[in-house]
Amino acid sequence: MHKLPPSFYTRRTLTVAKDLLGKIFVRKIGKKILSGKIVEVEAYLHNDPACHAFRGMTERNKVMFNEGGYLYVYFTYGVHYCANIVTYKKGIGEAVLIRAVEPIEGIEVMKKSRYSDVSHREDVRDLYNLTNGPAKFAQAFGLEREQNGISLLGDEIFLLQGEQIPPSKIIATTRIGITAGKERKWRFYIRDNPWISKR
DNA sequence: TCCACGATCGGCT
DNA sequence: GCCGATCGTGGAG
């Protein structure tokens with residue numbers, strides 16, 4: 001399996017969003033490798049009121065204005081981080097939020113990141129709860145302010161080819177947790193996978 | 001300078 | 001189903 005090339009990310013955002021399903025997100029931390037298959041995403045376009053870049057470039061969203069192929073991580077609700085893949089051309093301001101992945105490698109490390117202090121249940125629900133939401137994914141993979149703006153063409157964080165998901169297995173529906181632009185069906189996920197985020 | 005609020009989560013009713 | 005946590009951001013003044 002090989003690393004996705006720049007040309008993968010610089011296509012139209014809705015195309016990239018659907019195509020991200022089935023790809024493998026990889027993070028190297030020292031000798032540890034964390035990886036997971038992307039199973040749910042949401043697209044945010046520049047002329048879309050729910051998009052952070054809708055009102056132009058600011059200190060927070062400036063990474064979104066790079067050409068596709070960067071990681072955009074932001075802090076929200078005073079508690080959580082969420083991670084996006086920057087898409088399309090330089091100067092536009094579009095990205096795809098990663099909402100859920102299926103863990104593959106580094107599951108023990110992810111559990112430590114997610115359940116740092118208290119003891120947790122050792123049943124299958126742990127595996128699902130590890131990465132079945134955007135902030136859960138970011139926490140499991142240790143994605144915070146420091147990772148904002150990292151190039152996905154480098155060797156620390158990148159995506160691998162993974163599997164091709166046929167259109168018949170991709171569900172398109174409305175995005176979660178937004179107040180504007182609700183009607184757009186830009187949330188995409190792989191049908192019948194147990195890591196779908198809730199609500 | 002101020003202040004309302006958010007691309008969420010987990011716990012409680 | 002609902003609510004509180006918790007704070008950086010950016011639009012308003």
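## Strand C: polar contacts

A backbone N or O atom of R60 lies 3.3 Å from a phosphate oxygen of DNA strand C. This is a predicted model. R145 also reaches the phosphates of strand C: an N or O atom of its side chain is 3.1 Å from a phosphate oxygen. Y77 meets a base instead. One of its polar backbone atoms is 2.2 Å from a base oxygen of DNA strand C.

## Strand C: the surroundings

Which residues lie around DNA strand C? They are R55, T58, E59, R60, N61, F75, Y77, G78, V79 and R145. By class, this surface divides into three nonpolar, three polar and four charged residues.

Sugar and phosphate make up 78% of the strand C atoms within 4 Å of the protein. The rest belong to bases.

## Strand B: the surroundings

DNA strand B is surrounded by 22 residues. The closest are H52, Y74, H80, N84 and K136. Of the strand B atoms that come within 4 Å of the protein, 45% are accounted for by sugar and phosphate.

Which elements supply at least two residues each to the surface near DNA strand B? These are the strands β3 (71-76), β4 and β5, together with helix α5 (134-140). By class, the surface near strand B has eleven nonpolar, seven polar and four charged residues.

## Strand B: phosphate contacts

P134, A135 and K136 each have an atom placed by a phosphate oxygen of DNA strand B. For P134, a polar backbone atom is 3.3 Å from a phosphate oxygen. For A135, a polar backbone atom is at 3.1 Å. K136 uses its side chain: an N or O atom there is 3.2 Å from a phosphate oxygen. K136 is also among the residues closest to strand B.

## Helix α2

Is helix α2 (residues 13-20) mostly covered or mostly open? Helix α2 is mostly covered, with six of its eight residues buried. The buried residues are T13, L14, V16, A17, D19 and L20.

What do these residues pack against? Their partners are helix α1 (6-9) and the strands β2 (32-44), β4 (80-87), β5 (94-105), β6 (157-160) and β8 (187-190). Two of these partners, β4 and β5, also supply residues to the surface near DNA strand B. Just after α2 comes G22, which takes a positive phi of about 95°.

Conventions
Residues are numbered from 1 along each chain as its sequence is written. Chains are lettered from A and ligands numbered from 1 in the order in which they are written. This is a predicted model: local features need pLDDT of at least 70, side-chain atom pairs count only at pLDDT 80 or more; totals for chains, interfaces and linings use all residues. Side-chain values use heavy atoms; hydrogens and water are left out. Buried means under 20% relative accessible area, exposed over 50%, partly exposed in between (1.4 Å probe, protein chains only). Helices (H or I, at least four residues) and strands (E, at least two) are DSSP runs, numbered from the N terminus. Contact means heavy atoms within 4.5 Å. A residue is near a molecule or strand if one of its heavy atoms lies within 4 Å of it. A polar contact is a pair of N or O atoms within 3.5 Å; within protein, one must be able to donate a hydrogen and the other to accept it, and residues adjacent in sequence count only if both atoms are side-chain atoms. Ala, Val, Leu, Ile, Met, Phe, Trp, Tyr, Cys and Pro count as nonpolar, Asp, Glu, Lys and Arg as charged, and the others, Gly among them, as polar.
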